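Student: I should like to learn how to read several features of a protein model. May we take them one at a time, with the general idea before the case?

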Amino acid sequence: MKELRKMIVVLLAVLMIGGLCIPQTEAEAASTVKIVYKNKTKKYSRKKNSVYINGKKKGISKVPTFYKEGCYVGPASTIFKTKGLGVTYKDKSHKTLTLTCNNHQVVMTNGKVNALVDGKEVVWDTAPIYAKYKSSGQKRWIVPLKDVSLALGLGYKVAKNVVWIAKAPEPAPAAPATKSKVVVVLDAGHGGSDSGAKGNGNYEKTMTLKILLAAKAYFDKDPRFQVYYTRTGDTYPSLEDRYKLANKVNADVFISIHINSFKATSTGTETLLSRDRNEKTRKGNISSADLALVMHKGAVASTGFMDRGLVNRPNLKVLKFTNMPACLIEYGFISNRTECIKMNAGLNKYGKSLYDSLVAFMKSKGRIS
Ligand SMILES: [Zn+2]
């Protein structure tokens with residue numbers, strides 16, 4: 001009797017667990033897809049059996065789109081060969097895939113995150129692959145849909161859980177009014193409890209703030225810019241606060257203002273950047289190296305100090321974790337008495353020069369008129 005009761009309990013438990021599991025498994029199966037690539041089968045989630053192209057729903061249940069490494073991916077031929085998109089499709093024996101549209105060209109290599117867009121190398125989050133949909137047995141180039149669409153000048157969005165791709169309307173001729181504001185995060189180094197370098201009776205935090213406030217006076221009057229400041233008083237935002245602000249507002253550039261310190265004889269202006277992340281942080285035609293060079297030249301011209309050049313400092317947090325072109329200017333040495341006196345007399349000028357340099361830079365890049 002005892003044994004029988006035990007068996008019933010076990011049986012009930014099995015049934016209950018089974019009962020709970022079945023709907024879950026079904027739901028999971030409904031939204032996952034198995035892909036065979038290089039003889040390995042992998043399961044992916046967020047399967048979608050349709051895609052909207054030029055506003056029209058297209059059923060793709062045999063070769064659905066799905067989510068892979070942070071991107072929606074889908075069958076390149078089924079989607080991009082759709083009439084009306086105007087994409088030319090060239091598959092070279094499943095090794096490379098070249099798509100051309102709107103005078104743009106994308107060359108993808110099977111299994112490589114590096115692609116060529118208009119002849120320039122870019123790195124995507126997920127690699128295009130030539131692979132098989134396990135359930136239907138169909139083989140396709142499966143490519144990141146947003147990256148490819150944008151590279152080809154096509155419209156792309158994910159709305160109501162569906163991927164939309166469309167032949168974007170002809171771009172309007174560039175007019176100042178239609179250009180979006182340049183978003184800048186300007187950072188005055190140190191502050192509050194962190195005085196930064198000290199020397200010759202001066203605090204770095206006070207000097208960096210003066211430069212920032214001088215630049216702010218110009219930026220705030222200029223409708224072409226939307227500038228966020230990590231601080232405008234004697235406060236201490238953490239390094240994390242600083243780069244997080246820049247990432248949150250999706251800044252076009254991040255510029256940090258500092259004063260150097262070493263020996264009493266040390267001299268000169270230098271600008272730090274992360275060369276290692278130059279491509280990763282690139283935004284359109286602007287890279288950290290471009291930004292750093294122009295801002296550095298402006299800073300050297302305004303200080304009149306020795307040009308110490310650009311310095312690769314990949315481990316500084318504000319250069320390591322910012323997702324956009326970023327640089328950090330060290331105007332001069334607080335530890336050098338002569339330089340410190342000159343700096344104190346020139347802080348307002350440095351701020352104006354920072355503003356002027358960024359305006360000239362953004363003009364040269366076609367971001368503002
Ligand atoms: Zn500093």
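Student: Which residue follows helix 5, and what is the sign of its phi?

Tutor: Helices are DSSP runs of H or I with at least four residues, and strands are runs of E with at least two, numbered from the N terminus. Here asparagine 250 follows helix 5, and its phi is positive, near 55°. This is a predicted model, in which local features need pLDDT of at least 70 and side-chain atom pairs count only at pLDDT 80 or more, while totals for chains, interfaces and linings use all residues. Residues are numbered from 1 along each chain as its sequence is written.

Student: Which residues of helix 5 are buried, and which are exposed on the other side?

Tutor: A residue is buried if 20 or more other C-beta atoms, placed from the backbone, lie within 10 Å of its own, and exposed if 12 or fewer do. In helix 5 (residues 239-248), Arg242, Tyr243 and Ala246 are buried. They lie on the same side of helix 5 because they cover an arc of only 85° around the axis, the arc being that of the directions from the helix axis to the C-beta atoms. Glu240 and Lys248, on the other side, are exposed.

Student: What covers the buried residues of helix 5?

Tutor: The cover includes strand 16 (182-188), strand 20 (253-260) and helix 7 (317-320).

Student: How confident is the prediction for the protein chain?

Tutor: The pLDDT is the predictor's confidence in each residue, from 0 to 100. The protein chain averages 90, and 89% of the residues score at least 70. Over residues 11-25 the pLDDT is below 50, and this stretch has zero contacts beyond near neighbours in sequence, a contact being two residues whose C-beta atoms, placed from the backbone, lie within 7 Å.
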